[in-house]
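Reader: Hello! I am new to this structure and would love a close look at one part of it. Could you pick the metal site and walk me through it, then show me what else is worth finding in the fold?

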Amino acid sequence: MQLIAENVWLLRGFPRDMFNVYLAGDTLIDAGTRWAKRRILRQLHGKAPRMVALTHCHPDHQGTAAYFCDRYGIPLACHEADVDAMEGRIRMQPENRVIRLGEWCWSGKPYRVGNVLRDGDRFGDFRVVHAPGHTPGHVFYFRERDRLAIVGDVLANMNFVTRKPGLREPPPIFTVDRLLNRRSIQTLAGLRPSVVCFGHGPPLRDLAVIEQFAAARATPQS
Ligand SMILES: [Zn+2]
Ligand SMILES: [Zn+2]
């Protein structure tokens, strides 16, 4: 595990930085693909997390959520607008063949969301910031004290082909509403984060890079 900031670790993944899982205090934030169970378990060193919290319900983020919630008897948290997908009442969004293929390859079982999140909710030091677009219920987890933001897939810091770091918007095929996601990128810049932790790619500690990226993608409504 890599310590990113006080009490926040990035778990070692495979390939490195590809499907990121964080431990924030005793909360697992995002849960990788279902193939990551043993790798996550090993890094927990027998210490049980108290909650699994998702940035959004996608196959590469909810893969081990049901497994860990069952194993430790802990609640699953996600935003109310992604609950239907997480609990299996609707397909993951956007509904298309590529997402379905992702579900087939990577996702874990549907699981009951015991802790339904809304914008402004808090757990521990973190505030939930609704950041829709990539999925309807996408959120950031933001810690004001040191301005650390865990931002899921609103932005990625990796080229998915070469795996080189670099900011990019999520691929349109995986994104429900691209313009709305751009507004969420503005929301992120507005938080003035000092450390940004992505679903894909290494953490970034340069606010100016985020601000420039957001400014280049400002939409008239934002
Ligand atoms: Zn993802
Ligand atoms: Zn996603």
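**The zinc site and the strands**

Author: Happy to! In this predicted model, the zinc ion (ligand 1) has four protein donors: D60 (OD), H61 (NE2), D153 (OD) and H200 (NE2), lying 2.1 to 2.3 Å from the ion. Along the chain, these donors follow the spacing D-H-x91-D-x46-H. Now look at the angles. The 4 donor atoms subtend angles of 86 to 156 degrees around the zinc ion (ligand 1), so the arrangement is irregular. For a tetrahedral label, all angles would have to lie between 85 and 135 degrees.

D153 is a good residue to click on next, as D153 bridges the zinc ion (ligand 1) and the zinc ion (ligand 2). These two ions lie 3.5 Å apart. As for the other aspartate-histidine pair, D60 has 9% relative accessibility and therefore counts as buried. H61 has 1% relative accessibility, so H61 counts as buried too.

From the metal site, let us turn to strand β10 (residues 139-143). Here 5 of the 5 residues are buried, which means that the strand is largely enclosed by the rest of the structure. In a regular strand the side chains alternate between the two faces of the sheet. You can follow this in β10: V139, Y141 and R143 point one way, F140 and F142 point the other way, and all are buried.

Strand β10 also has partners. With strand β9 (residues 126-130), β10 runs antiparallel and is joined by 5 bridges; F126 stands opposite R143 there. With strand β11 (residues 148-150), β10 again runs antiparallel, joined by 3 bridges, and F142 has A149 as its bridge partner. The hairpin of β10 and β11 has 4 residues between the strands, and in this hairpin R147 takes a positive phi near 55 degrees.

Finally, find the open sheet of 7 strands, in the order β1-β2-β3-β4-β5-β6-β7, with mixed pairing. Its edge strands are β1 (2-5) and β7 (115-117), each pairing on one side only. From one strand to the next, the twist averages 25 degrees. Strand β6 (residues 76-79) pairs with β7 in the parallel sense over 3 bridges, and H79 stands opposite L117 in β7. Helix α2 (residues 65-72) packs on this sheet, touching β4 (27-29), β5 (51-53) and β6. The direction of α2 makes about 165 degrees with that of β5.

Note on methods:
Residues are numbered from 1 along each chain as its sequence is written. Chains are lettered from A and ligands numbered from 1 in the order in which they are written. This is a predicted model: local features need pLDDT of at least 70, side-chain atom pairs count only at pLDDT 80 or more; totals for chains, interfaces and linings use all residues. Side-chain values use heavy atoms; hydrogens and water are left out. Buried means under 20% relative accessible area, exposed over 50%, partly exposed in between (1.4 Å probe, protein chains only). Helices (H or I, at least four residues) and strands (E, at least two) are DSSP runs, numbered from the N terminus. Two strands pair if DSSP finds at least two bridges between them. Donors are N, O and S atoms within 2.8 Å of the metal (3.2 Å for Na, K and Ca); water is not among the atoms, so sites may look incomplete. Four donors count as tetrahedral if all angles lie between 85 and 135 degrees; four count as square planar and six as octahedral if opposite donors are over 155 degrees apart and all others between 65 and 115; anything else is irregular. Axes are lines fitted to C-alpha atoms, for helices over the stretch in contact, and angles run from 0 to 180 degrees between N-to-C directions. Contact means heavy atoms within 4.5 Å.
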